[in-house]
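Q: Hi! I have a structure open and would love some help finding my way around. Can we go through it together?
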Amino acid sequence: MTAMQKLYLLVPLAPLAGAIIAGLFGKAIGRRATHTLTILGMVVCLAASFLVYRDVMGGNIFNGPVYTWLVSGNIRFEIGFLIDPLSATMMMVVSFVSLMVHIYTIGYMADDPGYQRFFSYISLFTFSMLMLVMSNNFLQLFFGWEAVGLVSYLLIGFWYTRPTAIYANLKAFLVNRVGDFGFLLGIALVLMYFGTLDYAAVFAGAGRLAGNSIELFPGVSWSLMTVICILLFIGAMGKSAQFPLHVWLPDSMEGPTPISALIHAATMVTAGIFMVARMSPLFELSETALSFVLIIGAITAFFMALIATVQYDIKRVVAYSTLSQLGYMTMALGASAYSAAIFHLFTHAFFKAVLFLGAGSVIIAMHHQQDMRKMGGLAKYMPITYMTVLIGALANAGLPPFAGFFSKETIVEALHHATVPGAGFAYALAVAGVFVGGFYSFRLVFYAFHGKERFADPHHPDVIAADAEAAAIAAAAAHDDHKHDKHENEHAHDHGHDSHAPHESPAVVWVPLVLLAIPSVCAGWFIGTFVYGNYFGSSITVHPAHTAMASMAQGFHGVIGMMTHALGTLPFWLAVAGAGTAWYLYIVRPELPAVLRRKWGVVVTILMEKYGLDRFNDWFFAGGARALGTGLWKGGDIAVIDNVMVNGSARLVGWVAGVVRRVQSGYIYHYAFAMIFGVLTLLTWALIR
Amino acid sequence: MHELPLLSLAIWAPIIAGVAVLFTGGDRNAQAARVIALIGAVIGFLVTIPLYTSFDAQSGGFQFVHRVPWIESFNVWYHLGIDGISLLLILLNSLTTVLVVIAGWQVIQQRVAQYMAAFLILSGLMNGVFSALDAMLFYVFFESTLIPMFIIIGVWGGPNRVYAATKFFLYTLLGSLLSLVALIYLYNVAGGSFVLVDFYEVPLPLSLQVIVFIAFFMAFAVKVPMWPVHTWLPDAHVEAPTGGSVVLAAIMLKLGGYGFLRLSLPIVPDASLYLAPVVIGLSLIAVVYIGLVALVQTDMKKLIAYSSISHMGFVTLGIFIFNTQGVEGAVLQMISHGFISAAMFLCVGVLYDRMHSRQIADYGGVANKMPVFAALFMLFAMANAGLPGTSGFVGEFLVILGAMKVNFWYAFAAAITLIFGAAYTLWMYKRVMFGAVANHHVAELQDINAHECLVLGVLAALVLVMGVWPQPFAEVLHVSVNELLAHVSLSKLPLQ
């Protein structure tokens with residue numbers, strides 16, 4: 001093993017060691033030792049990732065096994081690494097954001113009794129995510145895929161006494177499992193047709209199988225690649241929260257804020273995007289699959305952004321904005337603009353982590369109040385948080401020169417050039433989404449950080465509305481689950497009457513914020529090398545017929561050129577208009593939103609109800625499965641099998657015995673009669689024959 | 001090879017220890033009974049370790065063969081030998097016995113000697129099933145396992161134990177009686193031999209193969225158990241003491257899967273192929289239908305019992321798709337299910353011993369009071385849901401891969417377990433472990449003690465090791481499975 005190979009191993013194993021120590025011995029070694037050791041693990045991980053990154057960018061690509069997991073027949077299942085520009089970039093993003101979140105956690109979770117457990121989980125998450133991105137085969141990809149799902153489940157339910165948290169984590173796991181169901185079938189099809197799960201071998205063989213078709217229903221034949229890619233993409237729809245499997249992500253905000261930043265914004269939810277980019281040699285062979293990806297992404301990008309505009313919970317605004325941004329990445333994948341998708345993933349990781357951690361900083365200052373109606377005017381109390389959130393919002397809205405501008409603009413442009421069926425639809429929604437993005441980003445900034453200081457004013461109409469809503473939710477929860485009602489009510493009231501002036505969060509909180517805000521400003525400036533240079537090399541394949549990125553590369557004249565060019569384009573002005581609308585509604589005429597809400601009641605209700613998907617899923621899938629299960633159990637198992645067949649046959653034996661028993665009556669004349677009757681019957685039979 | 005008759009030791013050491021335990025008499029000598037039982041179980045396990053270490057994974061056929069005449073007038077032999085499949089099952093059985101003895105150490109306070117003896121004797125008998133190469137010997141061991149389990153459920157069981165024990169006994173006994181007829185028929189056809197390998201060579205027309213297959217199927221399908229002859233299992237589990245449930249789920253159900261591999265497939269290969277679609281259909285019903293039924297259970301033990309049936313559906317599915325991934329997956333699934341179902345029943349036992357309730361509704365927020373237990377239970381719940389990195393994934397993954405080769409929709413239906421398995425397991429976990437402390441009984445719970453921690457810890461380690469590195473488990477299988485599949489692919493129909 002070379003020194004570089006040892007480094008590869010060190011990258012995931014350092015966080016794993018931290019996780020094991022914190023998990024098994026956290027209580028024994030105490031809080032300080034726990035966070036020191038796990039952060040040390042992360043520092044080692046980041047340093048090793050950096051060395052690996054430099055090495056890879058120097059041209060040293062690695063693809064090799066670590067150990068043999070299983071051999072079955074002629075198939076070897078290996079655990080192994082593929083270290084190329086794509087995975088090295090992901091390793092950098094994951095380890096950097098993770099380290100920031102580790103540090104931030106010291107402040108955010110300071111009073112939590114589960115401190116050590118939390119560090120153990122986030123280190124375990126980092127290990128799993130790194131194994132996912134470093135994999136050189138589908139098996140290990142699936143391992144990492146499910147492992148990050150597990151840790152996400154554990155972390156959403158971190159406060160496991162809260163009914164909402166343990167509802168959300170079960171929902172997240174099960175919805176993801178629906179995606180994994182498709183993903184696993186896709187992997188099984190890959191294995192069946194390629195005879196291996198090794199990326200390199202599969203990609204090399206993909207061209208040969210491009211013409212194959214498969215008959216799932218008799219008489220209907222589909223292209224094999226289309227079926228494989230759509231099945232794999234269903235996995236991505238679960239993990240990267242694409243419509244209609246996105247429903248778990250907003251609820252996942254029940255978890256502590258650091259993991260919302262790490263898992264549900266920067267890293268785990270981008271696993272699906274990463275996966276599709278990794279599978280580009282397969283997806284490029286199926287126009288149908290690309291079109292499917294494009295349309296799903298477009299729906300997610302636009303319709304989830306709309307929901308963000310009506311949310312009051314500061315974390316949920318950011319969560320819906322994440323869904324929308326993931327939609328943009330997915331659209332980019334569908335338009336074969338893989339490098340743009342990964343670039344947006346890269347910039348988004350920073351600015352979305354900033355937004356989440358900034359929201360978390362606000363939440364600490366507001367004593368765990370997340371409702372923006374009870375905030376306002378926070379800018380002067382927490383200037384650092386304000387500045388970083390503002391940067392995050394500018395980037396999220398896609399305004400130059402912030403990071404999000406470059407990546408989003410590239411995606412919109414790529415959609416404009418794309419030729420896949422559905423590209424026009426996707427382009428329209430993407431452009432419209434830019435306006436909505438500008439609006440909700442600045443709605444958050446203006447509503448929480450500017451305007452009246454509503455937290456100190458219990459009689460403000462917004463605060464009254466918020467309290468009434470909280471009371472209604474508590475009452476509904478009490479109705480659903482009266483075991484916990486008392487506890488939750490007390491909880492709500494604890495925070496209702498808090499009137500201490502908010503103040504800036506401690507350094508362990510704001511230093512990571514600042515460190516993440518820096519790349520949120522300038523990460524976009526690397527677009528030239530990242531997207532238009534040959535940065536990804538062989539890790540991404542684009543079919544020669546898909547020319548969007550190639551033609552855009554010719555039109556690219558540096559970062560400054562891109563910004564000046566944008567001044568004359570529609571998306572830029574739409575983003576500005578969105579921000580301006582937010583300014584008008586929340587600064588100039590703050591009484592107006594309430595009026596508009598009343599006026600557009602139906603639309604607002606649809607958006608607040610999230611298009612009714614949650615209700616439908618609860619009724620149709622959860623309720624339907626339970627009803628079916630009860631029917632099969634009571635009707636099938638108990639009524640038919642047990643009562644009729646099993647106990648029925650026992651009763652039958654009893655009945656037959658009862659009948660036969662009467663024959664043995666003990667009376668001589670009964671027996672004599674039977675004998676005579678028998679003799680006569682035999683004689684008759686003998687004579688007639 | 002070895003001088004010691006290791007297989008005989010694996011069978012008789014626990015049985016002799018069991019008889020010795022009985023001689024300690026009443027509960028005044030309970031401690032002596034426990035110690036002797038533990039020594040017997042540990043010896044029983046230790047003698048199986050050389051079986052693994054000196055097993056030759058490269059060579060086919062049966063190893064550690066031991067053959068002496070038994071009933072000479074009928075040409076019945078005491079004939080033992082193992083291949084890779086039986087090797088793993090013997091190891092699993094012997095280890096489980098040790099764990100069951102430790103798990104019952106404090107919990108069982110009445111008729112301790114008899115309790116321990118029943119488990120030790122049962123362990124020896126099941127090792128007998130897994131190593132018998134003579135059909136009559138196989139049958140005798142197979143049937144005799146019913147007696148200790150009948151006693152375990154009937155004596156140490158819950159309130160409705162007599163119904164459950166009787167149902168268990170009659171169901172499984174009636175199922176296997178026909179297989180005795182089939183074995184005697186085969187004895188005649190094979191020219192007066194009960195040697196299994198001779199049965200493998202007997203040519204039979206398809207119609208007769210089908211009859212023999214059905215006779216075997218009755219015996220093994222009830223044992224597995226397959227839908228629709230599964231309803232004895234939830235009742236038996238609910239009433240059985242924890243140890244009984246552990247052995248029932250971890251080992252006894254495997255007698256069915258093993259029977260298919262050792263008898264049905266090689267003796268009547270053409271009928272097996274001919275009827276495979278039916279068996280596959282029943283297996284998939286088990287996976288989907290039983291998965292849904294498990295979802296709505298209100299009794300934890302019943303839920304896990306149904307989950308067992310659903311997981312065993314993968315075993316029969318894997319066996320009857322006749323490819324390497326399928327059969328190896330089936331065997332690995334049997335081993336993994338041995339670890340996981342044992343652990344799940346032990347976890348329910350831990351709660352039952354404290355609360356005397358199996359109803360999910362009586363719990364809530366247990367994690368607040370039992371954090372160590374909660375962590376272990378979480379691991380096993382995830383393993384039960386087939387999470388990669390745990391043993392539960394390995395078998396299911398291979399079977400789904402194997403099924404895909406045969407038919408997309410087989411794999412599709414089987415993969416539904418990904419959703420259902422997670423749903424019923426984690427929903428139960430949520431209601432029992434998460435949430436605020438539900439009532440004052442939960443508030444008084446104590447975390448697991450050293451005995452419980454040891455037993456669950458061993459199983460946790462096995463679940464993780466097998467999940468992260470299944471190769472040591474799988475490598476002893478390859479040659480045996482390939483031989484078996486080669487055998488199945490050769491038609492035994494007589495030449496026209």
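Q: Let's start with one residue. Which helix of chain B does Pro266(B) lie in?
A: Happy to help! Pro266(B) sits in helix 12 of chain B. Keep in mind that this is a predicted model.

Q: Okay, and is Pro266(B) buried or exposed?
A: Pro266(B) counts as buried, because its relative accessibility is 2% and the cut-off for buried is under 20%.

Q: What does Pro266(B) touch, apart from its neighbours within four places in sequence?
A: Pro266(B) is in contact with Tyr200(B), Phe260(B), Leu261(B), Leu484(B), His487(B) and Lys492(B).

Q: How far apart in space are Pro266(B) and Asn482(B)?
A: Going C-alpha to C-alpha, 12 Å lie between Pro266(B) and Asn482(B), while in sequence they are 216 residues apart.

Q: Phe260(B) was on that contact list. Which residue forms an edge-to-face aromatic pair with Phe260(B)?
A: That would be Phe220(B). The ring centres are 5.7 Å apart, and there are 70 degrees between the planes.

Q: Why does that pair tie together separate parts of the chain?
A: Phe220(B) belongs to helix 10 (residues 206-223) of chain B and Phe260(B) to helix 12 (residues 242-267), so the pair links parts that are 40 residues apart in sequence.

Q: And are those two rings' residues, Phe220(B) and Phe260(B), buried or exposed?
A: Phe220(B) is buried at a relative accessible area of 1%, and Phe260(B) is buried too, at 0%.

Q: Which residues are in the ring cluster with Phe220(B) and Phe260(B)?
A: Ring pairs join them into a cluster with Phe138(B), Phe142(B), Phe213(B), Phe216(B), Phe217(B), Phe320(B) and Phe322(B).

Q: How many aromatic pairs does the structure hold over all chains?
A: Counting over all chains, there are 69.

Q: New topic: chain A. How many helices and strands does chain A have?
A: Chain A has 28 helices and four strands. Its C-alpha trace spans about 120 × 65 × 55 Å along the principal axes.

Q: What share of chain A is buried?
A: Of its 689 residues, 58% count as buried.

Q: And what about contacts between residues far along the sequence?
A: Take the contacts in chain A between residues at least 6 apart in sequence: 80% of them join residues at least 24 apart.

Q: Now for where the chains meet. At what angle do helix 27 of chain A and helix 13 of chain B pack?
A: The angle is about 105 degrees, and the axes are 7 Å apart. Helix 27 covers residues 613-663 of chain A, and helix 13 covers residues 269-295 of chain B. Angles from 65 to 115 degrees count as roughly perpendicular, so that word fits helix 27 of chain A relative to helix 13 of chain B.

Q: Which residues of helix 13 of chain B take part there?
A: On the chain B side they are Tyr289(B), Leu292(B), Val293(B) and Leu295(B). They meet residues of helix 27 of chain A including Leu628(A), Trp633(A) and Ile641(A). By class, the contact has nine nonpolar, two polar and two charged residues.

Q: Where is Gln325(B) found, by the way?
A: Gln325(B) is in helix 15 (residues 324-355) of chain B, and it is buried, with a relative accessible area of 2%. Leaving out residues up to four places away in sequence, Gln325(B) touches residues of both chains, among them Ser72(A), Gly73(A), Leu398(B) and Lys405(B).

Q: What joins the side chains of Gln325(B) and Lys405(B)?
A: A polar contact of 2.9 Å.

Q: Last topic: the backbone. Where are the cis peptide bonds you can point me to?
A: One runs from Pro400(A) to Pro401(A), with omega near 5 degrees. Pro401(A) lies in the loop between helix 15 (383-397) and helix 16 (403-417) of chain A. Another joins Trp227(B) and Pro228(B), with omega about 5 degrees, and Pro228(B) is in the loop between helix 10 and helix 11 (232-239) of chain B.

Q: And what is the phi of Ser336(A)?
A: Ser336(A) has a positive phi of about 60 degrees, although it is not a glycine. Ser336(A) is in the loop between helix 13 (314-334) and helix 14 (338-365) of chain A, and is buried at 2% relative accessible area.

Definitions and conventions: Residues numbered from 1 in each chain as written. Chains lettered and ligands numbered in written order. Heavy atoms only, no water. Axes fitted to C-alpha atoms, helices over the stretch in contact; angles between N-to-C directions. Helix = DSSP H or I, 4+ residues; strand = E, 2+ residues; numbered from the N terminus. Parallel < 35°, antiparallel > 145°, perpendicular 65-115°, else oblique. Contact = heavy atoms within 4.5 Å. Nonpolar A, V, L, I, M, F, W, Y, C, P; charged D, E, K, R; others polar. Buried < 20%, exposed > 50% of the residue type's maximum accessible area, 1.4 Å probe, protein only. Polar contact = N/O pair within 3.5 Å; in protein donor to acceptor, adjacent residues only side chain to side chain. Phe/Tyr/Trp six-rings, centres within 6.5 Å; stacked < 30°, edge-to-face > 60°.
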